[in-house]
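Please open the structure in your viewer and keep the selection tool at hand for a short guided tour.

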Amino acid sequence: ACSGECDIIILKKGHWNKWNGSDGGNHIMDFRFIEKQNAIAVISCKSYLTRTTIEKTYCENMLKYVEKIWLFAECCGPESVELIKKDAIAIGYENFWYLYTWSRTTEKTVDSEDGWYNFIESVRSLKK
């Protein structure tokens, strides 16, 4: 059975097949095919995330294959962080992280250092 395409899969070691998108030297893709019991977590990555761009269907479909579906954004609006997290968890994502917020009106950015460290610790905890 095949799942939808995803950004990052954290898995137990090994894959049973791979495909790079071409037979020549220009490799534009690097797909690895794994058995679903070897998937530990899937991370959906976005560059700029809003509440309306959270992918509900993606999460619902991926939950057929793996229990831990995480959402990671490079950035989002400063007023949207808690609303995005609330919506994402309600949809089925286990957690949500972002690197920084960016205001469209002031163009101010604020790093999410605690969020980044929490994300790293969450990834590390999967090994336990």
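Five salt bridges are counted in this predicted model, a salt bridge being a side-chain nitrogen of Lys or Arg within 4 Å of a carboxyl oxygen of Asp or Glu. Residues are numbered from 1 along each chain as its sequence is written. Local features need pLDDT of at least 70 and side-chain atom pairs pLDDT 80 or more, while totals for chains, interfaces and linings use all residues, and side-chain values use heavy atoms, with hydrogens and water left out.

Select Arg51 and Asp87 to begin, a salt bridge whose closest N and O atoms are 2.6 Å apart. Arg51 sits in the loop between strand 4 and helix 1 and Asp87 in helix 2, 36 residues apart; helices (H or I, at least four residues) and strands (E, at least two) are DSSP runs numbered from the N terminus.

Next, select Glu94 and Lys68, where the closest N and O atoms of the salt bridge are 3.3 Å apart. Because Glu94 lies in the loop between helix 2 and strand 6 and Lys68 in strand 5, this pair ties together parts that are 26 residues apart in sequence.

Turn then to the largest nonpolar core, whose 18 residues include Leu49, Ile69, Leu71, Tyr93 and Phe96, the members that touch the most others. Such a core is a set of buried (under 20% relative accessible area, 1.4 Å probe, protein chains only) Ala, Val, Leu, Ile, Met, Phe, Trp, Tyr and Cys residues joined through side-chain atoms within 4.5 Å. Strand 5 supplies its largest share, four residues.

Definitions and conventions:
Buried < 20%, exposed > 50% of the residue type's maximum accessible area, 1.4 Å probe, protein only.
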